[in-house]
Amino acid sequence: MHILSKMLSITVLGVSLALGITAVADAAPKNDFKVAWSIYVGWMPWGYAADHGIVKKWADKYGIKIEVTQFNDYVESMNQYTAGAFDAVTLTNMDGLSIPAAGGVDTTAVIVGDFSSGNDAVILKNKTTLADIKNQNVNLVEYSVSHYLLARALESIKLTERDVKVVNTSDADMVAAYKATDVNAVVTWNPLVSTILEEPTARRVFDSSQIPGEIIDLMVANSGVLKDNPNFGKALAGIWFETAALLTASSDDGRAAREAMGSASGTDLKGFEAQLAATKLFSKPTDAVEFITSKNLPKTMNLVRTFLFEKGLLGSGAASPDVIGIEMPDGQILGDSSNVKLRFTETYMRAAADGSL
């Protein structure tokens, strides 16, 4: 999860802009929908729901079909969605802006599933305070939410990226990198965080719980498809909140669900529950609605779009962070109101909260 390559984002921008516009313009009522997701603690409910009949239950209620596909490559799932091969995909708020939205695909956040509350962390070797990061090489996936977390961490102690040196490192290589004698600082996400913290030298000095609500995990859909097929959005909301309620239940069924999701994500029940503890999961629709309609969301998205602009991830021709419009649930728009490509809506989550699905 949380991987973002500058090269991939530019590729998407270059080849998918026309596809995105076409996808919105050509959207029409239909009965078959395709959803993509990838492995991450907050997205495991989608795979579980597909495997245990919950997806079919809600699709049948609205007389539609929903095919749920797991991707092992997070970036590829977003690429496929951006190209129009899928109607919906799981992604973070930052990646939603930098890949499909920047690629021209008008995209709506249907479900706010969770936000990271400790799953992403800055880890130092044989050091105990964040200030010790100064003048260090820092291994992380460049232009990912790890990069964003580093920027926010440095800002908290009045440092900037000029005070460190970022070393682009694949998430697949992060654990091995930490063990190298010349590596003293890494920024990454779970389950890699948990694995690295098993090392006696590792110290967590900053994590996403210190920037609550900024790294948001979403289920988004093509805005045109959603507009012409509102039952698709309703079904997604029904699927999420039924499965999330089961995931957080203290019952035997809840434990079995967590065990199954843990196994599917490559860990055990204990490991999965540890990751859940570092996740603010929205299992109740009222909580999700409250979060998405809060005054904090525009502030967060302003931070995110500013970071992406500074890294050149809103397109080579972007003159400012305003190049892409971002619409909030109340209609407020950050950026260009004539180029809105990322939208947050409370519609479907509120329907779940009101019992009107």
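Helices here are DSSP runs of at least four residues, numbered from the N terminus. The model is predicted, and a handy place to start is Asp95, which sits in helix α5, residues 93–101. With a relative accessible area of 0%, Asp95 falls under the 20% cut-off and is therefore buried. Its C-alpha lies 9.9 Å from that of Ile216, although Asp95 and Ile216 are 121 residues apart in sequence.

Ser38 is another residue tucked away from solvent. Ser38 belongs to strand β1, which covers residues 32–38, and it counts as buried because its relative accessible area is just 2%, under the 20% limit. Leaving aside residues up to four places away in sequence, Ser38 touches Trp43, Phe71, Tyr74, Ser77 and Thr90.

Next comes helix packing. Two packed helices are described by the angle between their axes and the distance between the axes. Helix α10 (residues 230–247) packs with helix α2 (residues 44–51) at an angle of about 100°, and their axes are 9 Å apart. Since angles of 65 to 115 degrees count as roughly perpendicular, that is how α2 runs relative to α10. On the α2 side, the contact is made by Pro45, Trp46, Tyr48 and Ala49. On the α10 side, Leu236, Ile239, Trp240, Thr243, Leu246 and Leu247 take part. Sorted by class, this contact has nine nonpolar residues, one polar residue and no charged ones.

Helix α10 also packs with helix α11, residues 252–264. Here the axes come within 7 Å and cross at roughly 100°, so α10 and α11 are roughly perpendicular to each other as well. Thr243, Leu246 and Leu247 make the contact from α10, and these residues are also part of the contact with α2. From α11 come Asp253, Gly254, Ala257, Arg258 and Met261. The class make-up of the contact between α10 and α11 is four nonpolar, two polar and two charged residues.

On to empty space. Rolling a probe the size of a water molecule over the atoms shows where empty space is left. The largest pocket holds about 300 Å³. Of the 13 residues lining this pocket, Ala151, Arg152, Glu155, Phe307 and Glu310 are the closest to its centre. Two or more lining residues come from each of α6 (145–156) and α14 (296–310), with α6 giving the largest share, five residues. By class, the lining is a mix of six nonpolar, two polar and five charged residues.

The backbone has a few quirks worth a look. Most residues other than glycine have a negative phi, and most peptide bonds are trans. Tyr143 and Lys158 go the other way on phi, with positive values near 65° for Tyr143 and near 60° for Lys158. Tyr143 lies in the loop between β6 (137–140) and α6, while Lys158 lies in the loop between α6 and β7 (165–168). Tyr143 is buried because its relative accessible area is 15%, under the 20% cut-off. Lys158, at 78%, is over the 50% mark and so counts as exposed. As for the peptide bonds, a cis one joins Asn190 and Pro191, with omega at about 10°. Pro191 is found in the loop between β8 (185–189) and α8 (192–196).

Methods: Residues are numbered from 1 along each chain as its sequence is written. This is a predicted model: local features need pLDDT of at least 70, side-chain atom pairs count only at pLDDT 80 or more; totals for chains, interfaces and linings use all residues. Side-chain values use heavy atoms; hydrogens and water are left out. Axes are lines fitted to C-alpha atoms, for helices over the stretch in contact, and angles run from 0 to 180 degrees between N-to-C directions. Angles under 35 degrees count as roughly parallel, over 145 as roughly antiparallel, 65 to 115 as roughly perpendicular and the rest as oblique. Contact means heavy atoms within 4.5 Å. Ala, Val, Leu, Ile, Met, Phe, Trp, Tyr, Cys and Pro count as nonpolar, Asp, Glu, Lys and Arg as charged, and the others, Gly among them, as polar. On a 1 Å grid over the protein atoms alone, a cavity is a set of points where a 1.4 Å probe fits but cannot get out, and a pocket is an open set with protein on both sides within 12 Å along at least five of seven lines; lining residues have an atom within 4 Å of a point. Grid points are joined across faces, edges and corners, and a volume is the space filled by probe spheres set on the points. Buried means under 20% relative accessible area, exposed over 50%, partly exposed in between (1.4 Å probe, protein chains only).
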